[in-house]
Amino acid sequence: MNLRFRRMREEDIEAVYRINRRSFTTDAWSMDAIRREFKLPYSHRFVAEHEGRIVAYSFVWLIKGEAFIMTFAVEPEWRGRGVGRWFLKKLIDIFKDKAQVISLDVRKSNIPAIRLYRSMGFKVVRERPGFYSDGENALLMELRLDKMRTDVGDKGKETEHVDR
Ligand SMILES: CC(C)(COP(=O)(O)OP(=O)(O)OC[C@H]1O[C@@H](n2cnc3c(N)ncnc32)[C@H](O)[C@@H]1OP(=O)(O)O)[C@@H](O)C(=O)NCCC(=O)NCCS
């Protein structure tokens, strides 16, 4: 599979909106919320593209040396094939020299995501009770980038195109 990791463009918004809708229920972002990200100086936006089709995306806020993954998803048909891990490695590679830490909130029941984050070295920092609109708790997870400025990120430097 030939994937390209690149910055999101405004023309990607509809595809990103669609993946977001298909990936999150109560917490899906509106089109306006997605458009707003393009105006925020601290918002960094990325997609993975396969033959012209967007298959994954993420919005990351970088504020005062802390990167926060606001949302991250892989299109349902593309899950379980290593895209999420590959994408997360790219994010870590990009932010490892810009931030001391990269963190995110994840639903406590979201086992696939929690397993992925744990396997990449993320640790649970704390639980946030009733964080989501349906009352579910979030786990705040983080990866210290200042302590691991070598291994994971270096792999991401190999190429922009990845054949798997
Ligand atoms: C979480 C998500 C991004 C993972 O993407 P993916 O492309 O399916 O993940 P990968 O194929 O790269 O798998 C990476 C690891 O994730 C975990 N994982 C993925 N799917 C899993 C599943 N169905 N059950 C349990 N663990 C799973 C495993 O640890 C896996 O590693 P392994 O294959 O060595 O066991 C994807 O499931 C998704 O978009 N989910 C909906 C949106 C979401 O929850 N986003 C995160 C919000 S914080």
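**Figure 1. Contacts of Phe95 in the predicted model.** Leaving aside neighbours within four places in sequence, Phe95 is in contact with five residues: Val60, Leu62, Ala67, Ile102 and Leu145. The structure shown here and in the following views is a predicted model. Phe95 is among the buried residues of helix H3.

**Figure 2. The largest nonpolar core.** This core comprises 36 residues. Those that touch the most other members are Ala48, Ala56, Tyr57, Leu91, Phe95 and Ile102. At least two core residues are supplied by each of the following elements: strand S1 (2–7), helix H1 (13–23), strand S2 (43–50), strand S3 (53–63), S4, H3, S5 and strand S7 (138–144). The greatest contribution is that of H3, which gives 7 residues.

**Figure 3. Helix H3.** The buried residues of H3 include Val83, Gly84, Phe87, Leu88 and Lys90. Leu91, Ile92, Ile94 and Phe95 are likewise buried in H3. The helix has 13 residues, and at 1.5 Å a residue these should span 18 Å. The C-alpha atoms at its ends are 18 Å apart, so the model agrees with the expected span. An α-helix has 3.6 residues a turn, so residues three or four places apart point the same way.

**Figure 4. The shell around the ligand.** A total of 20 residues surround the ligand, and Arg79, Gly84, Pro112, Arg115 and Leu116 come nearest. Strand S4 (66–74), helix H3 (83–95), strand S5 (101–107) and helix H4 (111–119) each provide at least two residues of the shell. H4 supplies the largest share, namely 6 residues. Sorted by class, the shell contains 10 nonpolar, 6 polar and 4 charged residues.

**Figure 5. Val101 and its surroundings.** Val101 is found in strand S5. This residue counts as partly exposed because it has 16 C-beta neighbours inside 10 Å, whereas a buried residue would need 20 or more. Apart from neighbours within four places in sequence, Val101 is in contact with Glu66, Glu142, Leu143, Arg144 and Leu145. Val47 lies 54 residues from Val101 in sequence, and the two C-alpha atoms are 21 Å apart in space.

**Figure 6. Confidence of the prediction.** The mean pLDDT of the protein is 91, and 90% of its residues reach 70 or more. Over residues 153–164, by contrast, the pLDDT is below 50. This stretch nevertheless has 18 contacts in the model beyond near neighbours in sequence.

Notes: Residues are numbered from 1 along each chain as its sequence is written. This is a predicted model: local features need pLDDT of at least 70, side-chain atom pairs count only at pLDDT 80 or more; totals for chains, interfaces and linings use all residues. A residue is near a molecule or strand if its C-beta atom, placed from the backbone, lies within 6 Å of it. Helices (H or I, at least four residues) and strands (E, at least two) are DSSP runs, numbered from the N terminus. Ala, Val, Leu, Ile, Met, Phe, Trp, Tyr, Cys and Pro count as nonpolar, Asp, Glu, Lys and Arg as charged, and the others, Gly among them, as polar. A nonpolar core is a set of buried Ala, Val, Leu, Ile, Met, Phe, Trp, Tyr and Cys residues joined through C-beta atoms within 7 Å. A residue is buried if 20 or more other C-beta atoms lie within 10 Å of its own, exposed if 12 or fewer, and partly exposed in between; C-beta atoms are placed from the backbone. Two residues are in contact if their C-beta atoms, placed from the backbone, lie within 7 Å. pLDDT is the predictor's confidence in each residue, from 0 to 100. The expected span of a helix is 1.5 Å times one less than its number of residues.
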